[in-house]
Amino acid sequence: MGIVEHHHDNSLFLPAKEKELVLTDPMVQFPRSKDTLLVLSGGMDSTTMLYEYRSRIALAVTFIYGSNHNQREADCARWHCERLGIEHLMIPLGFMADYFESSLLKGAGAIPAGHYDDSNMRSTVVPFRNGIMLSVAAGLAESRKLHTLMLANHAGDHAIYPDCRPPFVNAMAKAIAEGTYDRIELLCPYTNLTKGEIVKRGIELGVDYHHTYSCYRGSEKHCGNCGTCTERHESLAEAGLDPADFD
Ligand SMILES: [Zn+2]
């Protein structure tokens, strides 16, 4: 009888290394090898995506487009990539700050206080930012022979950012597939999640949100009353954390 039981336990016939992977790595459910480029700002949403899809992500890219908070975000992005052993690039798009109209590109004093839904938040929109970043990312992905792009737009962005809404990402996904030889795919799995839902997921994944940056004013500590700070506080509270610990 002992011998029969032994033969029914198929796991004993797997090589030791493979058996360990099956038992311990939750990311093994994703069948592909590293084939993905993530647009990583260094804020809470894209950092969560970096952790959730880390087994697929070959390259994370932070675009430096001259916003008040760009450098602090980029430093956070680099910290997480070093921790996870994922290649990280910072790509300059300095022309945007020179030629585009947005309060986000004009210093801390230009940023209005309030909630994302407020009409005065419209001034912080950087025109077609996601369209520009995804276009550069698509060209880079094809150059690197990577098959997939990921963007961490989410439901809370829909109110004021046209280039975060489902019709935009769906249209962009079609354009990127048609415009590349490899028919590169765009995945935006957080499109219909709230920021609170994303943070809850990140806590389960072990994301340290102390090393994320959100404030549109770009000062050393989060200001606490601009649109992104308000959203950051609400999502941390929703996930059961004390927002004051993350300023
Ligand atoms: Zn702020």
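The following dialogue examines how several descriptions of this predicted model are justified.

Student: How many helices and strands does the protein chain have, and in what order do they run?

Tutor: The protein chain has 9 helices and 5 strands. Starting at the N terminus, the order is α-α-β-α-β-α-β-α-α-β-α-β-α-α.

Student: What makes helix 3 largely enclosed by the rest of the structure?

Tutor: Helix 3 spans residues 44-52, and 8 of its 9 residues are buried, so the helix is largely enclosed by the rest of the structure. A residue counts as buried if 20 or more other C-beta atoms lie within 10 Å of its own. The residues of helix 3 that meet this criterion are M44, D45, S46, T47, T48, M49, L50 and E52.

Student: Which elements do the buried residues of helix 3 pack against?

Tutor: They pack against strand 1 (36-39), strand 2 (57-64), helix 4 (70-84), strand 4 (148-150), helix 8 and helix 9.

Student: Why is helix 3 called oblique to helix 8?

Tutor: The two helices pack at an angle of about 40°, with their axes 9 Å apart. Angles under 35 degrees count as roughly parallel and 65 to 115 as roughly perpendicular. The angle belongs to neither class, and therefore helix 3 is oblique to helix 8. Their crossing is left-handed.

Student: Which residues make this contact, and how do they divide by class?

Tutor: Helix 3 contributes M44, D45, T48, Y51 and E52, while helix 8 contributes K195, I198, V199, R201, G202 and L205. These residues divide into 5 nonpolar, 2 polar and 4 charged.

Student: What makes helix 8 oblique to helix 9?

Tutor: Helix 8 (residues 195-205) and helix 9 (residues 227-238) pack at an angle of about 55°, and their axes are 8 Å apart. Because the roughly perpendicular class begins at 65 degrees and the roughly parallel class ends at 35, helix 8 is oblique to helix 9. This crossing is right-handed. On the side of helix 8 the residues are K195, G196 and V199, which meet E231, E234, S235, L236 and E238 of helix 9. By class, this contact has 2 nonpolar, 2 polar and 4 charged residues.

Student: Is G206, in the loop between helix 8 and helix 9, buried or exposed, and how do you know?

Tutor: G206 has 7 other C-beta atoms within 10 Å. Since 12 or fewer is the criterion for exposed, G206 is exposed. In space its C-alpha is 9.7 Å from that of E52, although the two residues are 154 apart in sequence.

Student: Why is I91 called partly exposed?

Tutor: I91, in strand 3 (residues 87-92), has 13 other C-beta atoms within 10 Å. That count is above the limit of 12 for exposed and below the 20 required for buried, so I91 is partly exposed. Beyond its neighbours within four places in sequence, I91 is in contact with V61, F63, I64 and V136. The C-alpha atoms of I91 and F63 are 4.9 Å apart, with their positions 28 residues apart in sequence.

Student: Which residues touch the most other members of the largest nonpolar core?

Tutor: This core has 47 residues, of which L38, V39, A60, L134, A137, L149 and L151 touch the most other members. Helix 6 (residues 129-143) gives the most to the core, with 5 residues. L38 touches S46, M49, L50, I57, A60 and M150, leaving aside residues up to four places away in sequence.

Technical notes
Residues numbered from 1 in each chain as written. Predicted model: local features only at pLDDT ≥ 70, side-chain atom pairs only at ≥ 80, totals over all residues. Core = buried A, V, L, I, M, F, W, Y, C linked by C-beta atoms within 7 Å. Helix = DSSP H or I, 4+ residues; strand = E, 2+ residues; numbered from the N terminus. Contact = placed C-beta atoms within 7 Å. Axes fitted to C-alpha atoms, helices over the stretch in contact; angles between N-to-C directions. Parallel < 35°, antiparallel > 145°, perpendicular 65-115°, else oblique. Left-handed = near helix turned anticlockwise from the far one by under 90°. Nonpolar A, V, L, I, M, F, W, Y, C, P; charged D, E, K, R; others polar.
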